[in-house]
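Trainee: Could you take me through one part of this protein closely, and then set that part in the context of the whole chain? I would like the cut-offs behind each term as we go.

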Amino acid sequence: MIVDKTLRSAEALVRAGLAQPARLPELEKVAAQYAVAITPAMAELIEAADDHDPIARQFMPRAEELDVLSAESADPVGDAAHSPVEGVVHRYPDRVLLKVTHTCAVYCRFCFRREMVGPAGLKSLTPAALDGALAYVESRPEIWEVIVTGGDPLVLSPRRLKALMARLARIGHVKVVRFHTRVPAVDPAAVTDELVAALKSPTQAVYVALHANHPRELTPAARAACARIVDAGLPMLGQTVLLRGVNDNPETLGALMRAMVETRIKPYYLHQGDLAPGTGHLRATVAEGQALMRAIRGDLSGLCQPTYVLDIPDGHGKVPIGPDYLSADADGAVRVEDPNGVRRPYQTS
Ligand code: SF4
């Protein structure tokens with residue numbers, strides 16, 4: 001079936017053939033709690049007959065989402081505790097998040113901001129709130145980088161993005177602007193020349209970080225969209241969430257990292273899944289993540305290596321979580337593990 005517009009309800013998912021009609025009550029129950037949106041590009045990638053399809057796992061609602069673990073929280077990375085004004089999260093001295101919209105092109109079932117995004121989530125910034133957010137950035141000379149996020153900022157029109165960039169360009173101490181987005185993969189046609197031109201800055205370095213979790217997401221159309229961004233002089237970074245049943249094996253994760261590098265996207269972070277409500281079925285363990293990192297370290301070019309990171313719950317910040325290749329014997333002698341897992345002696349002096 002050809003899907004010509006974004007699917008936004010349980011009924012639309014069934015009508016498009018992405019789920020059997022018998023699943024309608026389950027889908028409706030989950031959709032009543034968390035936003036649903038699947039773009040035509042992602043709907044076409046889903047193999048509906050495959051119960052384990054990695055694209056469906058990311059976007060199709062499932063009953064497990066209603067099982068909330070006690071460790072899970074509505075604000076797992078602690079945005080609220082670090083928000084001095086509406087729309088700004090200032091967790092680290094030299095950079096802020098600027099959350100301009102809470103709308104996304106797709107709604108991911110594992111989203112760490114799932115309680116904030118979507119039609120029932122927080123509202124997009126009003127013009128007055130955006131003024132307040134930019135005034136905050138302007139008043140803090142230590143802010144070197146503004147990370148424009150959401151939601152997904154690339155759902156905004158080129159006109160609004162251009163206006164935002166013009167205002168950021170007037171803040172002299174902001175040297176870097178970074179956009180976080182899924183749009184080049186999930187809605188490549190939206191990455192028009194006009195949109196790319198709107199992201200450029202006359203004075204600042206602009207980076208675009210693409211969130212993608214499976215190599216199938218990097219379709220020819222998605223790669224062409226990324227090429228339009230990179231060819232315009234905007235370097236791209238890759239962000240991936242480690243997801244059970246999606247990319248938690250070395251072959252898939254390695255293929256994704258290679259697909260990114262082939263597309264001129266430098267893999268940046270592999271995120272440990274955050275403790276967002278109802279996402280336990282999609283979260284791999286840290287030990288599994290470390291084993292995967294070891295596996296791809298041995299097999300793949302250094303260009304394909306992301307840093308495996310964990311956002312410490314309650315807003316305590318993001319840290320790399322290994323694996324660690326250095327260890328010490330009982331007598332204090334240092335050992336370093338080679339890519340084949342053999343511990344080698346290493347003398348520092
Ligand atoms: S695109 Fe990002 S912010 Fe939007 S639902 Fe997915 S993970 Fe969440």
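Mentor: Happy to; here is a close look at Gln-58, followed by the whole protein and a few other loop residues. A word on the ground rules: this is a predicted model, where local features need pLDDT of at least 70 and side-chain atom pairs count only at pLDDT 80 or more, while totals for chains, interfaces and linings use all residues. Residues are numbered from 1 along each chain as its sequence is written, and side-chain values use heavy atoms, with hydrogens and water left out.

Let's start with Gln-58, which sits in helix α4, residues 54-59 (helices, H or I, of at least four residues and strands, E, of at least two are DSSP runs, numbered from the N terminus). Gln-58 counts as buried because its relative accessibility is 0% (buried means under 20% relative accessible area, exposed over 50%, and partly exposed in between, with a 1.4 Å probe and protein chains only). Its side chain makes a polar contact with the side chain of Arg-182, at 3.2 Å (a polar contact is a pair of N or O atoms within 3.5 Å; within protein, one must be able to donate a hydrogen and the other to accept it, and residues adjacent in sequence count only if both atoms are side-chain atoms). Setting aside neighbours within four places in sequence, Gln-58 is in contact with Tyr-107, Cys-108, Arg-109, Phe-110, Arg-182, Asn-213, His-214, Glu-217, Leu-243 and Val-246 (contact means heavy atoms within 4.5 Å).

Now step back to the whole protein. Its secondary structure comes to 11 helices and 12 strands. The radius of gyration is 21 Å, close to the 20 Å that the globule rule gives for 349 residues, so the protein is as compact as a globular protein of that length (the radius is taken over C-alpha atoms, and the rule is 2.2 Å times the number of residues to the power 0.38). Along the principal axes, the C-alpha atoms fill a box of roughly 60 × 55 × 40 Å. Of the 349 residues, 51% count as buried. Among contacts between residues at least 6 apart in sequence, 74% join residues at least 24 apart.

Another buried residue is Leu-154, which counts as such because its relative accessibility is 3%. Leu-154 lies in the loop between β3 and α6. Leaving out neighbours within four places in sequence, its contacts are Leu-161, Phe-179, Thr-181, Val-183, Leu-195 and Leu-199. Leu-154 and Val-208 are 54 residues apart in sequence, and their C-alpha atoms are 10 Å apart in space.

The loop between β3 (145-149) and α6 (158-169) also holds Gly-151, and the peptide bond from Gly-150 to Gly-151 is cis, with omega near 15°. The bond from Gly-322 to Pro-323 is cis as well, with omega near 5°; Pro-323 is found in the loop between β9 (317-320) and β10 (326-328).

Two backbone angles round off the tour. Arg-264 has a positive phi of about 65° although it is not a glycine, and its place is in the loop between α10 (250-262) and β7 (265-271). Arg-264 is partly exposed, with a relative accessible area of 45%. Asp-314, likewise not a glycine, has a positive phi of about 70°. Asp-314 lies in the loop between β8 (307-312) and β9, and is exposed, at 53% relative accessible area.
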